[in-house]
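Here are some quick notes to go with the model. Have it open while you read, and shout if something looks off.

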Amino acid sequence: MKSKLSKLILICLALVVFANTAQAMTCILTVPPPFSTGGKFLVCPAGDGDLPSHPPFTLQLLDSSLVPIANYPFEDIRLEFVDPVPGPSPRVSLGFCNPGLIADSNTDANGMTTFSGGALFGCGSVRNPLIQVVVNSTACATTPTLIEIVSVDFNCDGMVTKAGDNPIMTALKSTCPWAIDLNHSPAGGLMKDASILAKHIFPPPLTHTCP
Ligand SMILES: [Ca+2]
Ligand SMILES: [Ca+2]
């Protein structure tokens, strides 16, 4: 009984130490262009938008003494895009096609790893989404980006359909809202935006994910 109690105390102590270590971890994320320099990009759930590739993000993991953490498992280090104006229902969902939002490899001797990502895909519209580093399910660092996103999946259901994603026909009778300026030219005419939307419309029940 006494031995079991000792084991339990040891396990609890180990968990506390681990939790403190996780809280004290420092994550230094370097955000590449165009996320650091800005620009307006069209995205689609199928990944065939305006940003097929980009330079890698780099990350350094440091412990509470600011010593690099080497060989941290890559599968426990990920990036997440976050809406800067959180609400009850998500206005936006963004990700990278293969290899996705997970780190490319375990951290090296300097605590460094990279995220090479793939094509930017997603839905909704957002200015300056945040990008967050999540280590072992705990948010470690959050950095603003300078990009602006518009998507042909306006209603964020993962599909681009005439019925669900056609605010352009309504807008034709008024001005061009920022969120449906698909060709990044507010004065370019909504017919051009409608033409871009038409090229991305796929009939359901197909789901539109990265190839
Ligand atoms: Ca949709
Ligand atoms: Ca336009």
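1. A definition before anything else: a nonpolar core here is a set of buried Ala, Val, Leu, Ile, Met, Phe, Trp, Tyr and Cys residues joined through C-beta atoms within 7 Å. Bear in mind that this is a predicted model.

2. On that footing, the largest nonpolar core counts 39 residues, and V43, L120 and I149 have the most contacts inside it. At least two residues of this core come from each of β2 (39-43), β3 (57-62), β4, β5 (92-96), β7 (120-124), β9, β11 (147-151) and α3 (190-200).

3. What does V43 touch, once its neighbours within four places in sequence are left aside? The contacts are G49, L94, L120, F121, G122, I149 and S151.

4. Now the open sheet: three strands, ordered β4-β9-β10, with antiparallel pairing. β4 (77-82) and β10 (138-144) are at the edges with a single partner strand each, so one side of each has no neighbour in the sheet. On average, neighbouring strands here are turned by 25° against each other, ignoring direction.

5. Zooming in on β9 (residues 130-135), six bridges join this strand to β10, and the two run antiparallel. V135 sits opposite T138 in β10.

6. I131 is worth a look too, as a residue of strand β9. Is I131 buried or exposed? I131 has 21 other C-beta atoms within 10 Å, so it is buried, the cut-off being 20 or more. Beyond neighbours within four places in sequence, I131 contacts V31, F35, L79, F81, T143 and T145. The C-alpha atoms of I131 and P144 are 6.2 Å apart, although 13 residues separate the two along the chain.

Technical notes:
Residues numbered from 1 in each chain as written. Chains lettered and ligands numbered in written order. Predicted model: local features only at pLDDT ≥ 70, side-chain atom pairs only at ≥ 80, totals over all residues. Pairing = 2+ DSSP bridges. Helix = DSSP H or I, 4+ residues; strand = E, 2+ residues; numbered from the N terminus. Axes fitted to C-alpha atoms, helices over the stretch in contact; angles between N-to-C directions. Buried ≥ 20, exposed ≤ 12 C-beta atoms within 10 Å, placed from the backbone. Contact = placed C-beta atoms within 7 Å.
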